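Okay, hi everyone. Today I'd like to walk you through the empty spaces in one protein, and through what sits in one of them. Have a look at the model first.

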Amino acid sequence: MASLLNKLSLRQLNKVLKKVNSYSDKMKAMSDETLKHQTVLFKRRYMKGESLDHLLPEAFATIREASRRVLGMYAYDVQVLAGIALHKGKIAEMKTGEGKTLVATMPLYLNAITGKGVILITSNGYLARRDALEMGQVYKWLGLTVGIGVKEDAKESMDTDEKKKIYHSDIVYTTHSALTFDYLLDNLCINKEDKCMRDFYFVVIDEVDSVLLDAANMPLVISGAPRVQSNLYKSTDYFVGTLEEGDYEEEDRQVWLTPRGITKAEQFFGVNNLYTKDYYEVLRHINVALKAHFLFKRDEQYVVKDNKIMLLDKSSGRMVENTKLKCGQHQAIEVKEGLNPSSETRAMASITYQAFFNMFEKKSGMSGSVIEDRKEIKAVYDIDVVEIPTHIPIARIDLKDSYYGSFEEQFEASMKWLIRAHEKKQPVLVVTSSIEMSYIYSRVLLNHHIAHNVLNAYNVAKEAEIIKNAGQLGAVTIATAIAGRGTDIKLSDEVKQLGGLLVLGIGRMENQRLEKQARGRAGRQGDPGTSKFFVSLDDEIIKEYGAPSLKSYKNVKEITKKHITKMMDQAQKNYEISAYRSRNRTLEFDSSTSAQRTIIYTLRNRLLNDEIDYDELMNFIIKENIEDFFIADPTKDEMQRFILSHIEYHIDDTLSYKKEGLLQLAKERFLSKKKELEESNRYNQFMRIAILNALDNAWIEQVDYLEQLRATIGLRRYSQKNIIFEYHQEAYRAFEKMMDHAKKNIMKNVMLSSIVEEEKGTFTVMLP
Ligand code: ADP
Ligand code: MG
């Protein structure tokens, strides 16, 4: 079925390809000047109402010819096919080495004709810069501007003007995290002039599976001021240390207390019901302590270095700099390891990549390994995946996997392959499923006096340099599956004669995609090459996700029985299912956060653009606040306090202590304030600042609360459905409360703020 659909999509794309090809000669015959001028003509035609679909054949033919002249690369037909698919908002699965970088230029050029700005995302800053610099030559030649959203040194910052210039370029190359971060920052600024971005229109995501699937579980969070240090970490850590089997349960990287565990907790902390609001903080701390004890393992998820917890990146095994787990999880692990808890910051703004990329009018992507996950991509992002045929048939031989009872056997067998190939100088790339394993290979190779490279650099650029040379005569390279992704391995003729690159995959990996990426290192563009995987019962994934009965085969040297090897492969499927569930959970939780964020950001934008009728808003807010206040039948004292904190710093003797009196007073005060501000032409600006401040403060609190809530709610019930439902309900209640709070603070800010003059006619608003 899937392949039939694929054929149908390809047929449609082929029709358009023919049209593109029909313009080839015409563009070829043009002088450089005429060809360059096409951009202006396309823009004009677009402005006059011609659609992009209609412009496509000529525009694609134009940039195709321009790339030939500028870069010496003329897109193959299959590349044009993929380019059309991207323009149609699809994901193109194209094998490694097929030239995806060049593919993206065509849809980016076409869509940039609109002047709305188009974006290319890649998985790291090194690739973004590399591709922007190379492809940028063509765009510039055709009269378009190109911006790069990441600095060479990631620590270097950019000022607003620089950022603005980048995001107002016709085409921007950047990473998903840089773009998302800037988006959140853009929604924290108080002046329209400080906003750097335009509305999101068209995005092409390169290595799309790594961005949309692998990064989907980690919402991007901007942290703010430190939180007051909690003293609950130590007691909850101690408590969790006393738990026995049966007090807690674990599944899918979630852990929670059983009823027996809950009773123990209530006894330990001397409370009646742990699940009431009063013990929210205790519950939250128990939750992170549980996770610290049962889900986070030292030297797997983190290491302790210089009395600090350093997180490990699972796929590369690298230490992640400057990143801490959120919501107290980091502190709980610190305490478990006997360290003092470090200071905890509050979340100020956060968004998941799902929510972020779904803001684009049109999104598309490319990858060498995404077809397996097309259902999830379709469900979450509503994008179809098309499999594009290769330019030259694949010549790589993927040998059958071999299975072993233990790591020793697996290791020995793979070393035999390595040494045999190395003796005839065939280059070998060993792809391991963990960083520790790569060290073991390295040590043994040293003992054998075999020169080799290990990709454990802390720097992507260096890794790219190493992997580039992995196809040289006699080269031996050891890497983890994602290291050096996106870099081309070119072969010399001599190496091709030897059979090309030999890829040895060590261990079942977390998912099929990683294995496909590993194999795809060999056999690019019709090159010869071989790949083979060595699997054993000691593989992390099989130990953790495989059937327990597998253990009885530990002493078998090589496992050849079909049903056993199938069971071993099942472990990977189990892991993939659990990863999928976990992404899905993130998504389900995110829907209410997303809805709330949209409301607030829309409101913010209207404020920034002065699209709000302030008089109407204030009339409404004053009325609501005062009515709310009178519901509780306030005393005279309380009314005076209300006036002092919401209307003016002074109480008039003649005031009538009735609702109408207060209403009238507030309205009068507001009107006279307005008149004063209008005289000096500062009304709008003042209102914007006062309202934004109240709104932002309330929203930042809410973001932090939702983050915490998500971390805690898992503990409450057993069934997933209920957790999500409860989360949404509580999130909604909190939002209503937050809006009430914002309403009060807006009134307070507007009524009680004053203006301080500064030099050159500028001023500051002094908030109460
Ligand atoms: P991918 O991202 O699909 O793995 P790349 O974009 O890195 O592939 O391209 C692989 C190599 O192929 C690069 O060296 C690139 O310059 C080259 N290449 C791509 N397309 C063409 C083309 N049409 N003609 C010649 N070389 C090409
Ligand atoms: Mg690439």
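Let's start with a small one: S350, T593, R597, W699, V703, L706, E707 and R710 line the second largest cavity. Two helices each give two or more residues to that lining, helix 23 (562–608) and helix 27 (683–713). Helix 27 gives the most, with 5 residues. Helices here are DSSP runs of H or I with at least four residues, and they're numbered from the N terminus.

Before I go on, some housekeeping. This is a predicted model, where local features need pLDDT of at least 70 and side-chain atom pairs count only at pLDDT 80 or more, while totals for chains, interfaces and linings use all residues. Residues are numbered from 1 along each chain as its sequence is written, chains are lettered from A and ligands numbered from 1 in the order in which they are written, and side-chain values use heavy atoms, with hydrogens and water left out.

So what do I mean by a cavity? Rolling a probe the size of a water molecule over the atoms shows where empty space is left. On a 1 Å grid over the protein atoms alone, a cavity is a set of points where a 1.4 Å probe fits but cannot get out; a pocket is an open set with protein on both sides within 12 Å along at least five of seven lines, and lining residues have an atom within 4 Å of a point.

Back to our small cavity: its volume is about 50 Å³, where volume is the space filled by probe spheres set on the points, joined across faces, edges and corners. Its lining divides into 3 nonpolar, 2 polar and 3 charged residues.

How many cavities of 30 Å³ or more does the whole structure have? The search finds 5. The largest cavity comes to about 100 Å³. It has 13 lining residues, with I119, Y167, R198, D199 and F200 nearest its centre. By class, that's 8 nonpolar, 2 polar and 3 charged.

Now for the pockets. The second largest pocket holds about 920 Å³ of space. It's lined by 35 residues, and G97, G99, D488, K490 and R524 are the closest to its centre. Helix 7 gives the most to this lining, with 6 residues. By class, we get 10 nonpolar, 10 polar and 15 charged residues.

And what takes up the space of the second largest pocket? That's ligand 1. There are 15 residues around ligand 1, and Y74, Q79, G97, T101 and K490 come nearest; being near means having a heavy atom within 4 Å. Helix 6 (residues 100–112) gives the most to this shell, with 3 residues.

Let's look at some polar contacts, meaning pairs of N or O atoms within 3.5 Å. A backbone N or O atom of G97 is 2.6 Å from an oxygen atom of ligand 1. A polar backbone atom of Y74 lies 2.9 Å from a nitrogen atom of the ligand. From the side chain of K100, an N or O atom is 2.9 Å from an oxygen atom of ligand 1.

That's the tour, so over to you for questions!

Key. Polar contact = N/O pair within 3.5 Å; in protein donor to acceptor, adjacent residues only side chain to side chain. Sits in = over half its atoms within 2 Å of the grid points. Nonpolar A, V, L, I, M, F, W, Y, C, P; charged D, E, K, R; others polar.
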